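Please open the model in your viewer and keep the selection panel at hand. The stops below follow one another, each with something to select and a note on what is there.

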2 protein chains.
Amino acid sequence: MLAHVYIEDLHRHVGEEVTLKGWIYGKRSSGKLHFLQVRDGTGIVQCVASKADLGDEPFARADKLAHETSLTIDGTVREDKRSPLGVELHVKGFTVFAEPTREYPISPKDHGTAFLMDNRHLWLRSKRQVAILRIRAEIIKAIRNYFDSRGFTLLDAPIFTPAACEGTSSLFEVNYFDDKAYLTQSGQLYGEAGAMALGKVYVFGPTFRAEKSKTRRHLTEFWMVEPEVAWLDLDGDMDLAEDLLVEVVAQVLKNRRAELQIIERDLTKLENVKKPFPRIRYEEAIALLQRKGKDCKFGDDFGADEETAISEEFDRPVMIHRYPSSIKSFYMKRDPEDPRTALCVDVIAPEGYGEIIGGSQREDDLALLEARLDEHKLPRESFEWYLDLRRYGSVPHAGFGLGVERTVAWLCGLHHVRETIPFPRMMEKITP
Amino acid sequence: MLAHVYIEDLHRHVGEEVTLKGWIYGKRSSGKLHFLQVRDGTGIVQCVASKADLGDEPFARADKLAHETSLTIDGTVREDKRSPLGVELHVKGFTVFAEPTREYPISPKDHGTAFLMDNRHLWLRSKRQVAILRIRAEIIKAIRNYFDSRGFTLLDAPIFTPAACEGTSSLFEVNYFDDKAYLTQSGQLYGEAGAMALGKVYVFGPTFRAEKSKTRRHLTEFWMVEPEVAWLDLDGDMDLAEDLLVEVVAQVLKNRRAELQIIERDLTKLENVKKPFPRIRYEEAIALLQRKGKDCKFGDDFGADEETAISEEFDRPVMIHRYPSSIKSFYMKRDPEDPRTALCVDVIAPEGYGEIIGGSQREDDLALLEARLDEHKLPRESFEWYLDLRRYGSVPHAGFGLGVERTVAWLCGLHHVRETIPFPRMMEKITP
């Protein structure tokens, strides 16, 4: 029996006989030769079948192999400079494991999005979706490697929470035995407890928002990474966000260049993502928007339109800091030099991909934090444990949340976030 | 300003003046010298303060620093062979950031578990809990590194699911806009779709079971890693599980030995975890239990008692394969050589820590799988997409699920899983 080799590893076996295991992805024939496109999840390789090598009956059968037929193929790896892989396979023989029981529903022709979403479990097999999912996995690996190699401890925050971090309107309610629980919207408060115990932590898990919005940037279930660091201030927080993004983009460009080319991403846009990122105050952003003819003033929050307008002015992510505290969360520390504003930062991706990071220095003063809870009409008793973090050895600390799906959308150049995750969950879609 | 150095890095700065940032963890005094134990999340170091170095007033103040006072300390790193870190700090000066506003509730004396669980956000700061959380993070890193470095693609399965994978009795129901959704119990079915697209995948995320059990092995929310591989059979699945566990244990022993020693884990037990693991058939396990005087017969499932009795016979994890299909899930492939049994495997941890892995080769035949769905009275329409995986290029495939918390309990030697995760969720506990 020959060794089973994955397509992405074939180039290391030139001249050898190997076994491929995969699925038929396409086929053409010159009459004397059949050219089978075979995929195995790591790549797509051309397999050349000749009557001389296969014999009459298998050669005829090879011409009839339907899309998504599963099979094993024995053959010799040959160098082929025209192939993106640098190799092709000369077929010695093949064994079909299973033929499709029906015609495969996804053809190279255009399908509507609703149809593809209903067949998401099959759509995932397409060259483009495979490339996106491999880039997604690389992004997540790069994020984890970044924190793991810098002394951060992963802290898994709970998914079931007894109360809302930021209001209750967008919470999913769960029947929890004879009680109610809510799905987490952010692991940050738990991350803060973790930072007081472990110094530097990152929370990485799914988060949930029951927002009744059907935009191309919203999922009800999305993954977020949330570092939290004791003894860090806003400037340090911005340095951390900048350094993380630069590293992640560099690792994806290094390890997933082929996949980025498959999806035809403009690499020059990603190669711009270098330090330093522009850091502008909220008020500068307002002035910028006003110069561009937008009707906005101090106190306004930015929506997708404003974020896009701002991102047009820069060739890399832009950091906007010190928003009015009135439009930001209760836990953000006020700027002592301008108490109207909070020590916070949003990072806006280039090319109109919107906000990918939101972060802040946290309020570390017990009395001020208690006052904020009251201002925001949040129930004090639910936050007693959180207040304890200020009662017992409070320290300056900061962190941020990076949305994984928006980051994937940006790096892959995807218009809609639904393609950034294997099985997207939206207001009207929880199948398959 | 001196460089901020974390305690775990101090040994690389012997002879240098540095700044520590942390919390008071303990204190004793000889009158002429105060010995402050300071923690920063990466370790605990002894800081030696003398009146000569500090002056009268600061020296007197150092003697009054309460547990969990947050402070920065400047000092010189000195070699100290008696310290587990190999160093101590000779204090030049310190600045208190915040004193506790109340006496810290957790003292070195024994507290009841209920009290500690209610103060989990503070309990995390203790030396033992910090060690466990650092080991947990190392285990997760080791698992991810294992798969990432072997050509697996991470596949994030959805948390919201429309139907149950294995019955509905232990599902958490969520109010999903005007409809119902359920929290995932396993990402496996989605992992199978991923394996058909990407070849080798692993799902890694939180899973949920609404079981009304209050044992020391059950959480309502727990993390699971679930590899799924196209073209893999049961033997290959067992090889994969064995190889993963050996690698994870080796990496934890290498990188977290100090933490294992803090929690007084018997390292010789972990050093036994080498290949090959014993692989016994279910019927051999039944015979073994009968020899040990247990009342059991073919068709019985194993509970905690049986798992413990089996584990006592081995010095490493034991793999039990080919259980009766009647007690296993619908998707498991029957053994063609004995159709009473399924091509499945459970891995039982040593020392009575119970089942840590459950896996199987999956049924790849459409008609047989349809029949199983009917036998298990599962609604066919919910599984149409899953059946598609057999309609379009079905392949032999296999995978397993490894429970993270039980693995942490085993490697750390913890009696109860509640200490294996930062904020455990149990039937009667979802706070803090």
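## Salt bridges

Begin with the charged side chains of this predicted model, in which 86 salt bridges are found over all chains. The background is simple: side chains of opposite charge can pair when their charged atoms come close.

Select Arg391(A) together with Glu384(A), which form a salt bridge whose closest N and O atoms are 2.9 Å apart. The two partners differ in their surroundings, for Arg391(A) is buried at a relative accessible area of 3%, whereas Glu384(A) is partly exposed at 30%.

Move next to chain B and select Arg279(B) and Asp239(B), whose side chains meet in a salt bridge at 2.7 Å from N to O. Arg279(B) belongs to strand 12 (residues 279–281) of chain B and Asp239(B) to helix 7 (residues 234–255) of chain B, so this pair ties together parts that are 40 residues apart in sequence. Arg279(B) is partly exposed, with 29% relative accessibility, and Asp239(B) also counts as partly exposed, with 40%.

A further pair to select in chain B is Glu370(B) with Arg380(B), a salt bridge in which the closest N and O atoms are 3.6 Å apart. Here Glu370(B) sits in helix 12 (residues 366–375) of chain B while Arg380(B) sits in the loop between helix 12 and helix 13 (384–391) of chain B, so the parts tied together are ten residues apart in sequence. Arg380(B) is partly exposed, its relative accessible area being 27%.

To see a network of salt bridges, return to chain A and select Glu8(A), Arg134(A), Glu138(A), Lys141(A), Arg256(A) and Glu259(A), which are linked in this way.

## Cysteines

Which disulfides does a search of the whole structure find? The search finds zero over all chains. Select Cys296(B) and Cys344(B) for an example: the sulfur of Cys344(B) is the closest cysteine sulfur to that of Cys296(B), yet the two are 16 Å apart, which is too far for a bond. Cys296(B) counts as buried at 9% relative accessibility, and Cys412(B), which you may select next, is likewise buried at 2%.

## The sheet in chain A

Now colour the strands of chain A, where eight strands form an open sheet of mixed pairing in the order 6-10-11-18-17-16-13-12. At its edges lie strand 6 (153–154) and strand 12 (279–281) of chain A, each of which pairs on one side only. Within this sheet, select strand 10 (residues 200–208) and strand 11 (residues 221–230) of chain A, which run antiparallel and are joined by nine bridges; at one position, Phe208(A) stands opposite Glu221(A) in strand 11 of chain A.

## Strand 11 and helix 11 in chain B

Is strand 11 (residues 221–230) of chain B enclosed or open to the outside? Ten of its ten residues are buried, so the strand is largely enclosed by the rest of the structure. Both of its faces are covered, with Glu221(B), Trp223(B), Val225(B), Pro227(B) and Val229(B) buried on one side and Phe222(B), Met224(B), Glu226(B), Glu228(B) and Ala230(B) buried on the other.

Add the neighbouring strands to the selection. Strand 10 (residues 200–208) of chain B runs antiparallel to strand 11 of chain B and is joined to it by nine bridges, with Phe222(B) as the bridge partner of Thr207(B). Strand 18 (residues 397–403) of chain B is also antiparallel to strand 11 of chain B, with five bridges between them, and there His397(B) stands opposite Ala230(B).

Then select helix 11 (residues 304–311) of chain B, in which Glu306(B), Glu307(B), Ala309(B), Ile310(B) and Ser311(B) are buried. Among the elements that cover these buried residues are helix 10 (282–291), strand 13 (318–321), strand 16 (344–349) and strand 17 (354–361) of chain B.

## Domains and the two copies

Colour chain A by its domain assignment, which gives domain 1 (7–98) and domain 2 (120–419). Their centres, taken over C-alpha atoms, are separated by 45 Å, and the contact takes seven residues from domain 1 and five residues from domain 2 of chain A.

Finally, show both chains together: a turn of 180° with a shift of 0.0 Å along the axis lays chain B on chain A with an RMSD of 0.0 Å, which is the relation of a two-fold axis. To locate that axis, select Val174(B), the residue of chain B that comes closest to it, at 2.3 Å for the C-alpha. The same surface serves both copies, since 100% of the contact residues of chain B recur in chain A.

How values were computed:
Residues numbered from 1 in each chain as written. Chains lettered and ligands numbered in written order. Predicted model: local features only at pLDDT ≥ 70, side-chain atom pairs only at ≥ 80, totals over all residues. Heavy atoms only, no water. Disulfide = S-S within 2.5 Å. Buried < 20%, exposed > 50% of the residue type's maximum accessible area, 1.4 Å probe, protein only. Salt bridge = Lys/Arg side-chain N within 4 Å of Asp/Glu carboxyl O. Helix = DSSP H or I, 4+ residues; strand = E, 2+ residues; numbered from the N terminus. Least-squares fit on C-alpha atoms with pLDDT ≥ 70 in both. Contact = heavy atoms within 4.5 Å. Pairing = 2+ DSSP bridges. Domains from an automatic or database assignment.
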